[in-house]
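Hi everyone, thanks for coming. I'd like to walk you through a structure that may be new to you, so have a look at it first.

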Amino acid sequence: SRLLTGRKYLLYVATGILLFLFCGNVTAQVNAQAKYSGSNKSEINKTADLGQVTVTTWADGKKAAFSLSFDDGYMSQYTYAWPILKQFGFHGTFYLIGDAIADSVQIYKYGYWWQFRELAAEGNDIGDHTMTHPDLATLPVGDDTTPNTITYELVHSKQVIEDKMPGVKLLTMAYPLGSYNPDVISVASQYYEAARAVGGYVGSASPYGNDWYALLAGNIVFDQTRSAADDQDKLNSYLNTIQNQTIPNGNWSIFLAHEVAPFADILSGKVTDYYPVSTEWLTSLCQWLKEKSDSNDLWVETVVNVMKYTKERENFSYTPISSSDTKIDFIPADNLDNSIYNYPLTVDIVVPSGWTEVSITQGNNTYTAQSYSSNGINYVRANVVPDEGTVTLTPSYVSVYVLSGTVNYNNSLNSPLPNVMLVLKSQTDSLTTVTDSSGNYSFSNLVPGNYTLSASKPDGWKGVNSTDALAAAKYFVGKETLDSLQINAADVNDDGKVNSTDALMIAQRYLHFIFDFIKPDWVFDIPVSISIVNGNVIQNIKGMATGDINKSYSP
């Protein structure tokens with residue numbers, strides 16, 4: 001004969017004891033964990049159009065888009081242009097020359113950094129107009145260390161402007177003189193999301209590819225000898241172009257100006273750079289734009305925000321979660337960089353005909369909107385941000401509630417259990433959340449009804465030892481008392497009872513002869529169903545590592 005190893009000896013001894021106990025007729029019954037059977041998907045989708053989401057071409061459903069842009073960073077843009085825009089509730093895009101803006105001593109007619117920091121703080125957009133305003137199409141590509149190259153001009157101006165304006169991130173640029181070529185586009189596309197050129201009053205509603213680096217903009221070419229009559233003619237002609245081409249075709253027009261000054265200063269010759277726009281002319285333009293904005297014809301917004309909206313619109317998708325007479329959920333998304341593309345999209349959502357006032361929630365933002373009917377279909381219009389979480393719609397007559405609680409370990413310390421996955425299901429919904437470091441969880445925007453809650457934990461299983469095997473054996477012969485969750489944890493082979501087989505498997509796993517139980521590694525005392533009637537519900541939960549009958553595990 002040969003000596004038995006220590007581990008094998010322990011296993012044989014444990015097996016002998018358990019086989020002896022197994023000869024008895026005592027059995028212990030445990031309640032198996034409830035399992036949700038799932039809902040009938042064909043029933044959920046029986047009204048395919050309910051919950052359908054469509055993005056409007058432009059924000060708030062307006063027919064066309066319009067942006068006001070100003071080049072070079074003249075001080076007059078701060079002293080004259082911005083007060084006019086502000087009067088009508090508009091914002092502009094200001095393209096700055098990195099080498100021209102000053103801290104305290106003015107350079108030529110350009111403004112100060114503090115002025116453009118103030119403009120940015122008030123919601124205006126700041127863009128890049130290169131470091132020294134060269135004709136980029138005449139320069140070599142170069143690199144960021146070689147002056148008089150395309151790369152140097154773009155990289156250094158971006159660095160200077162962003163350093164001087166903390167919190168501002170330059171996303172678009174404007175080509176000096178409107179001049180560019182394929183090399184300029186190639187470099188610009190490495191550092192910017194879009195670039196503005198010149199050459200047209202009406203741009204595309206859906207730029208694609210390199211079109212984003214050749215956005216059209218139009219500056220007004222006034223007569224060399226200025227007159228009130230010529231200025232008015234130029235205004236009428238420009239407005240006619242927007243009215244007859246931009247608006248009916250749903251396009252995007254970008255206005256371009258440089259210096260802005262009172263008409264008297266222009267007539268006197270004090271202001272002459274790049275066909276200066278008079279304050280009177282700009283006021284008349286903004287007055288007309290305000291009328292068109294109020295009549296839903298034009299969406300007046302900065303270049304960067306129109307760009308964001310357009311790219312998000314073109315890349316929009318959504319995942320339906322549920323659609324019923326009391327609740328609609330969906331997840332909006334796009335495939336863009338969320339740190340840049342976070343502008344709200346205006347969407348129309350098909351809702352039941354009985355919904356007149358609708359509550360809309362995304363994240364911490366909740367508001368109400370009136371539904372409207374078109375071609376016999378009931379819609380509600382909402383603003384949603386892609387990749388910012390689930391959008392929930394309920395009729396105003398239906399209240400929504402919160403189910404929350406804490407998941408703790410079934411021990412004397414009531415230790416919190418983090419990273420527990422909880423799944424809440426109804427006939428139409430399946431929602432998931434994970435407990436935080438304190439074991440807390442929460443489900444929001446729940447309509448009244450019956451729900452089932454399940455839990456799982458994919459990590460951190462431990463706690464089984466020889467004492468647990470003995471406890472299972474003692475419970476089997478009536479020598480040990482266990483609570484209901486301990487009984488569930490003891491039934492490691494998941495056959496609905498605790499007996500010598502469970503004790504043997506616990507001993508085997510403790511000695512590393514097996515590495516898994518038939519039952520999952522974690523069990524929870526979750527109720528079969530949870531009813532939400534007319535208020536929030538708090539449901540605390542306890543969990544245990546399967547097999548840890550003596551509660552020795554400490555998470």
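Let me start with a question: is Tyr-175 buried or exposed? Tyr-175 has 0% relative accessibility, so it counts as buried. Before I go on, please keep in mind that this is a predicted model.

Okay, let's step back to the whole chain. The secondary structure adds up to 13 helices and 29 strands. The radius of gyration is 34 Å, while the globule rule gives 24 Å for 555 residues, so the chain is more spread out than a compact globule. If you draw a box around the C-alpha atoms along the principal axes, you get roughly 115 × 60 × 35 Å. Here's a pair that spans a good stretch of that: the C-alpha atoms of Ala-257 and Ser-412 sit 73 Å apart, with their positions 155 residues apart along the chain.

What about the inside and the surface? Of the 555 residues, 52% count as buried. The exposed area is about 25,200 Å², and 50% of it is supplied by carbon and sulfur atoms. On the charge side, we have 35 positive and 56 negative side chains, and the centres of those two sets are 11 Å apart. And take the contacts between residues at least 6 apart in sequence: 70% of them join residues at least 24 apart.

Now the aromatics. A search of the whole structure turns up 27 aromatic pairs. One of them is Tyr-112 with Trp-114: the ring centres are 6.5 Å apart and the planes are at 20°, so that pair is stacked. Tyr-112 counts as buried, at 17% relative accessibility, whereas Trp-114 comes in at 38% and counts as partly exposed. Our opening residue shows up in a pair too: Tyr-175 and Tyr-180 are stacked, with 5.0 Å from centre to centre and 25° between the planes. Tyr-180 is partly exposed, with a relative accessible area of 34%, while Tyr-175 is buried at 0%. There's also a cluster held together by ring pairs, and its members are Phe-66, Tyr-201, Phe-222, Tyr-238, Phe-255 and Trp-281.

Let me zoom in on three single residues. First up is Thr-246, which you'll find in helix α7, residues 228-249. How buried is Thr-246? Its relative accessible area is 0%, so it falls under the 20% cut-off for buried. Leaving out residues up to four places away in sequence, Thr-246 touches several others, among them Ala-64, Ala-65, Val-202 and Trp-252. Tyr-201 is also one of the residues that Thr-246 touches, and you've just met Tyr-201 in the aromatic cluster.

Next, Ala-257, in strand β9, which covers residues 252-257. Ala-257 is buried as well, with a relative accessible area of 3%. Again not counting residues up to four places away, Ala-257 touches Ser-69, Phe-70, Asp-71, Gln-77 and Val-277.

And finally Thr-57, which sits in the loop between β2 (53-55) and β3 (64-72). Thr-57 is partly exposed, at 42% relative accessible area. Which residues does Thr-57 contact, leaving aside neighbours within four places in sequence? Those are Tyr-309 and Arg-313. The C-alpha atoms of Thr-57 and Val-347 are separated by 9.3 Å, even though the two residues are 290 apart along the chain.

That's my tour, and I'm happy to go back to any part of it.

Key. Residues numbered from 1 in each chain as written. Predicted model: local features only at pLDDT ≥ 70, side-chain atom pairs only at ≥ 80, totals over all residues. Heavy atoms only, no water. Helix = DSSP H or I, 4+ residues; strand = E, 2+ residues; numbered from the N terminus. Buried < 20%, exposed > 50% of the residue type's maximum accessible area, 1.4 Å probe, protein only. Contact = heavy atoms within 4.5 Å. Rg over C-alpha atoms; globule rule 2.2 N^0.38 Å. Areas by Shrake-Rupley, 256 points an atom, 1.4 Å probe, with all protein chains shown as cover. Lys, Arg positive; Asp, Glu negative; His and termini not counted. Charge placed at Lys NZ, Arg CZ, Asp CG, Glu CD. Phe/Tyr/Trp six-rings, centres within 6.5 Å; stacked < 30°, edge-to-face > 60°.
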